[in-house]
Amino acid sequence: MESRAVKQKFKHAPLSVLKLAVLASLGFAMIFPFLWMAVSALKTRQELLDFSVILPAVPQWGNYAQVLLDSPIPRYIANSVFVSAVTVAYQLFSGALLAYAVVFMNFRGKGALFAVVLGCYMVPGAATYIPCYILLAKMGLLDTYSGLIISNLVSIFGVFLLRQAFMQIPAELYEAARMDNAGHWKTLWRVVFPLTRPTFISFALIALIACYNNYMWPSLITNSPDLSLVSQGLRHFFIESGAYGTNWALVMAASTLVTAPLLLLFALIQKWFIASIGADTGVKG
Amino acid sequence: MSSIKLKGITKSYGKNTPVIKNLNLSITDGGFTILLGPSGCGKSTILRIIAGLESTDIGSVEIGGRDMSGVEPGDRGVAMVFQNYALYPTMTVRENIEFGLKNMKIPKAERDERIDESVRMVGLEDFLDRKPKSLSGGQRQRVALARAIVKKSEVFLMDEPLSNLDAKLRAQIRTDLIELHRKLGITFVYVTHDQVEAMSMGTEIILLEAGAVRQQAVPSRLYDAPENLFAARFIGSPPMNVVEAKALGAVGLPPAVKHIAFRPEKALLMRASSPLPYDAVRIRGELTAREMLGDRVVCKVKTDSCCIYAKTADEFPPEYGTVTVVAHREHLHFFDDDERRVEVS
């Protein structure tokens with residue numbers, strides 16, 4: 001038995017080696033730019049422009065210190081973290097309410113409502129820039145945190161994603177909650193939410209990344225550098241000293257620091273995320 | 001007081017023809033009433049209408065003399081056990097049972113007391129901290145029962161609660177439910193398509209077909225005196241034998257009688273040559289199959305016009321071949337052209 005298993009293993013060995021090689025090279029291709037960025041931040045200006053130098057002779061940790069202490073980058077990161085956290089919290093909340101209504105409640109015009117919501121999804125974002133700009137201007141919210149947040153309170157993608165997840169919940173569970181005197185609010189947060197937590201988490205992750213990195217819209221409605229999000233901030237930082245004067249090592253350090261929160265978040269959530277997949281639906285099929 | 005009255009209920013889904021049309025129903029207070037019928041007869045819909053989970057096109061529901069129009073399911077004073085248990089998977093057994101009580105704003109001390117009492121009734125004391133997914137089907141069903149018991153409702157609605165359990169467990173929970181009903185003394189309404197469950201547990205059976213009541217009676221009456229051919233053919237295993245009166249050439253019957261029926265349990269099998277008793281119908285046929293059930297043997301007899309089943313306690317039923325099926329006059333049931341019962345003196 002054992003020898004057969006071993007034989008089998010050897011028989012498939014070339015295949016798995018090949019598989020591993022392909023995966024490893026793809027993985028390397030993915031992580032290379034990030035590694036290059038992180039390592040380049042430790043180089044001197046000369047080392048950085050010389051492609052034969054892979055690792056710096058003396059790591060210039062001062063580059064990171066300079067970005068952290070003497071540049072507005074931490075401020076941009078804080079801006080991005082704050083704006084995206086608040087925005088995503090609202091998007092999750094509004095998405096959950098709307099998806100719940102569309103899936104579990106019966107009311108006149110439900111189909112039409114959802115069609116309108118989905119219709120909005122079809123409109124290209126760029127087409128809404130001007131009307132939204134005018135709207136924000138009239139509300140006096142240009143160049144404010146509130147403007148950045150309010151213009152993204154609802155994510156249609158989130159509504160759609162949560163609706164799909166809610167539709168997987170057996171109707172009996174919702175009915176059992178109704179028999180148990182639970183109102184809609186309680187049903188949503190005590191019964192529906194715990195069952196669809198993985199979807200909430202994956203949506204939160206996607207939305208956070210999108211919001212954190214958002215460039216076009218924030219740069220249209222904000223002007224003061226104090227309000228810049230990271231992408232915009234990096235650009236300021238980048239062009240500050242003109243194309244020839246750019247200190248690439250500092251740009252690399254700034255970029256690495258800007259990316260770090262997302263990587264950290266991903267590492268933290270992914271573990272949680274996988275653990276929560278495969279939850280039982282509680283209803284015997 | 002928790003009798004249930006359905007008045008002039010009509011229910012349709014979308015623009016389809018109604019599944020229930022002008023239904024009037026009265027369910028006795030404190031009884032174990034079974035809604036019995038084949039799939040699609042509307043029995044679950046009726047239960048859900050009583051629970052308030054389903055709206056009606058017209059008609060009203062009264063529970064304990066109170067009109068339930070516009071009353072939310074949770075406020076109707078009814079508890080429900082679902083076919084698929086419908087336990088909250090992310091909550092422990094205790095939390096599942098407690099959820100309704102918390103929503104009813106019952107103080108902690110009373111909640112604990114009630115939970116202890118209900119889990120003791122269903123024998124789940126040791127499972128309070130488990131999640132539903134680590135319980136067996138039977139245990140999950142008990143949690144669902146405890147969740148309903150704990151609310152101390154006046155009415156207990158059950159939608160085929162045993163259909164996902166194996167035969168042995170089903171038989172056991174059947175007797176448990178009878179005991180539970182006697183202990184609680186409240187109104188049970190139980191939906192099933194299984195006549196064995198209906199006959200064994202019910203104090204009253206409402207037999208339904210296509211959204212209409214075909215007979216409402218105590219189980220023995222339903223068995224002994226079916227009001228129509230549908231009831232005759234639905235109850236019993238195998239169901240009643242129905243033969244055309246014409247085919248039997250029976251004489252001395254009122255002209256209204258078109259069908260004659262008798263239970264397989266009352267049919268006797270005799271060798272063609274045996275002397276036949278007086279005042280009985282006899283049908284000659286071919287014995288083609290015998291099923292040994294342990295205490296009984298079911299014999300299938302093919303005649304010229306139909307198939308007849310005879311269930312006999314005889315240890316030595318006749319050999320395969322030509323036999324005569326005999327049914328005494330006193331065991332015969334008569335039905336007219338509209339398949340309704342005709343009393344013949």
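I began at the boundary between the two domains of this predicted model. Counting residue pairs in polar contact between domain 1 of chain A and domain 2 of chain A, with both residues at pLDDT 80 or more, I got zero. I then looked for salt bridges across that interface, and the rule finds zero of those as well.

So much for polar pairs; next I wanted to know what lines the domain 1 side. Two elements of chain A each give two or more residues to the side that touches domain 2: helix 1 (2–40) and helix 2 (45–49). Helix 1 of chain A gives the most, with four residues. Sorting that side of domain 1 by class, I noted five nonpolar, two polar and two charged residues.

Then I went back for the overall layout. Chain A is divided into domain 1, covering 2–63, and domain 2, covering 69–275. I checked how many residues take part in the contact: nine come from domain 1 of chain A and 13 from domain 2 of chain A. The C-alpha centres of the two domains lie 33 Å apart.

My last stop was buried area. How much is buried between domain 1 of chain A and domain 2 of chain A? I noted about 850 Å², with carbon and sulfur atoms giving 74% of it. Which residues of domain 1 lose the most area to domain 2? Those are Met37(A), Arg45(A) and Asn63(A), and together they make up 52% of what the domain 1 side buries.

To keep for later: zero salt bridges by the rule, zero polar-contact pairs at that pLDDT cut-off, and a buried area with 74% from carbon and sulfur atoms.

Notes:
Residues are numbered from 1 along each chain as its sequence is written. Chains are lettered from A and ligands numbered from 1 in the order in which they are written. This is a predicted model: local features need pLDDT of at least 70, side-chain atom pairs count only at pLDDT 80 or more; totals for chains, interfaces and linings use all residues. Side-chain values use heavy atoms; hydrogens and water are left out. Domain bounds come from an automatic or database domain assignment. Contact means heavy atoms within 4.5 Å. Buried area is the accessible area (1.4 Å probe) that two parts lose on being put together, summed over both. A salt bridge is a side-chain nitrogen of Lys or Arg within 4 Å of a carboxyl oxygen of Asp or Glu. A polar contact is a pair of N or O atoms within 3.5 Å; within protein, one must be able to donate a hydrogen and the other to accept it, and residues adjacent in sequence count only if both atoms are side-chain atoms. Ala, Val, Leu, Ile, Met, Phe, Trp, Tyr, Cys and Pro count as nonpolar, Asp, Glu, Lys and Arg as charged, and the others, Gly among them, as polar.
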